[in-house]
Amino acid sequence: MNIATVKASTLKAKPDWNDLGFGKYFTDYMFTMEYTEGTGWHDAKIVPYGPVSLDPGAMVLHYAQEVFEGMKAYRAKDGRILIFRPEMNARRMMRSCDRLVMPQLPEEMFVEAVKAIVAAQKDWVPALPGTTLYIRPFMYADDVVIGVHPGKTYKFVIILTPVGSYYAEGINPVKIHVEEEYVRAAIGGTGFCKCGGNYAASIIAQEKVMKEGYSQVLWLDGAERKYVEEVGTMNVMFKIDGEVWTAPLDGSILPGVTRDSCITILKDWGVHVREELIPIDFLMDAGKSGKLEEAFGVGTAAVISPIGLLRYKGDVVTINDFKTGPLAKKLYDFLTGMQYGDLPDKYGWIHEVK
Ligand SMILES: *Cc1c(COP(=O)(O)O)cnc(C)c1O
């Protein structure tokens, strides 16, 4: 791929690395590329970070043809910049695009673009423990027609934001509300796609529970509201009676890279993993009888997020005395250890950005 560079006239002052928050600061440059029906992808560029121009009639603003990805760049102690399983994000974006009738961006082009923009912004990859450079690739239809059909022109953009820990409290347990009114996705819909539309429909539930001191909602399946699916921006795992349960990839849940990595690691550790439907009543009963030993969300942004309390229909169970469990801690240490280059990469998951 031929990538042109447009120089910025001035560079930004770097943020306070001790107070990055999440998604508040953006780097000096971004990656952009255009798609035109008939021509394909063209005009790959690294340009100064700034507004994109969009006609008010642009398709994405009306019919939400948009997909995105989320990954991170990590700074190793020896200064190397590492990224984690970018090919998984590339392939997932291709599946999201397929479902939303958007053009495919080939895996090699996706990975090359990510590496190019991260390499150009190396000095924005923070070095303090727990900090990373969050990478947000996204694609949207920008042609101008009012009428429901697939777009003919698209834009692919990658922006970068240096971030601290996802949760202000660090890896401490959170309170989760099991949602019975709203649903996130149903089989046949777009639950397996990382698309803005899924989030637009879910914000209402999140808003409702945050006012009550809960940090996220646990979604149930769209048809029966009986089976556990995922938590907000993460997949979810439960350790019950020595085994780890997580919902199967049946089309309505997002196939997380962290989920896949945790399953591989857990199996390697000899832990029995059950990718099976998890009835919410079974889960709450396990909570009451003490068989639910640990619960945690898994996703790139928060890595591992322990769940200390679950509320369902006015019933509340506390998990592991509202403390981070040993398995959640072990997974967190192992995954981040690999991602920051402190532990050997026995799976071939780490790419160095040069
Ligand atoms: C991104 C995302 C996840 C986690 O996926 P990772 O690849 O592990 O970051 C889980 N659920 C939803 C809804 C998501 O958008």
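This is a short talk on the pockets, cavities and ligand contacts of one structure, which is a predicted model.

Hi everyone, and thanks for coming. Let me begin with the open space. The largest pocket holds about 550 Å³. Its lining counts 29 residues, and those closest to the centre are F68, Y134, R136, K194 and T233.

Where does this pocket sit? Residues from domain 1, which spans 4-164, and from domain 2, which spans 174-339, both take part in the lining, so the pocket lies between the two domains. If you like to think in secondary structure, five elements each give at least two residues to that lining: strands β7 (132-141), β8 (153-163) and β15 (292-299), plus helices α4 (196-200) and α6 (257-268). Of the elements, α6 has the largest share, with three residues. As for chemistry, the lining of the largest pocket has twelve nonpolar, eleven polar and six charged residues.

Now to the ligand. There are 15 residues around it, and the ones that come nearest are K194, Y199, E230, T258 and T300. You may remember K194 from a moment ago, as one of the residues closest to the centre of the largest pocket.

Three of the nearest residues deserve a look at their side chains. Y199 places a polar side-chain atom 2.5 Å from an oxygen atom of the ligand. For T258, a polar side-chain atom is found 2.6 Å from a ligand oxygen. T300 has a side-chain N or O atom at 2.6 Å from an oxygen atom of the ligand. How much of the ligand's accessible area does the protein cover? On its own the ligand has 380 Å² of accessible area, and the protein covers 97% of that.

Next, the enclosed spaces. How many cavities of 30 Å³ or more does the structure hold? The count is two.

The largest cavity has about 110 Å³ of space. Thirteen is the number to keep in mind here: 13 residues line this cavity, with Y74, F84, T258, T300 and Q339 nearest its centre. So that you can place two of those names, T258 and T300 are also among the residues that come nearest the ligand. Strand β5 (71-75) and helices α6 and α8 (326-339) each bring at least two residues to the lining of the largest cavity, and β5 has the largest share with three. By class, that lining has six nonpolar residues, six polar ones and one charged. Both domains are represented here as well, since at least three residues come from each of domain 1 and domain 2.

The second largest cavity has about 40 Å³ of space. Its lining includes E293, E294 and A295, along with P306 and I307. Strands β15 and β16 (303-312) each supply at least two of its lining residues, and the largest share, three residues, belongs to β15. Four of the lining residues are nonpolar, three are polar and three are charged.

Before I stop, two backbone details for anyone who checks phi angles. V101 is not a glycine, yet its phi is positive, near 50°. V101 sits in the loop between α2 (86-99) and α3 (107-120). V303 is the other case: its phi is positive too, about 65°, and again the residue is not a glycine. V303 lies in strand β16, and β16 is one of the strands that help line the second largest cavity.

That's my tour. Happy to take questions!

How values were computed: Residues numbered from 1 in each chain as written. Predicted model: local features only at pLDDT ≥ 70, side-chain atom pairs only at ≥ 80, totals over all residues. Heavy atoms only, no water. 1 Å grid on protein atoms, 1.4 Å probe; cavity = no way out; pocket = protein on both sides within 12 Å on 5 of 7 lines; lining within 4 Å. Points joined across faces, edges and corners; volume = space filled by probe spheres on them. Helix = DSSP H or I, 4+ residues; strand = E, 2+ residues; numbered from the N terminus. Nonpolar A, V, L, I, M, F, W, Y, C, P; charged D, E, K, R; others polar. Domains from an automatic or database assignment. Near = heavy atom within 4 Å. Polar contact = N/O pair within 3.5 Å; in protein donor to acceptor, adjacent residues only side chain to side chain. Areas by Shrake-Rupley, 256 points an atom, 1.4 Å probe, with all protein chains shown as cover.
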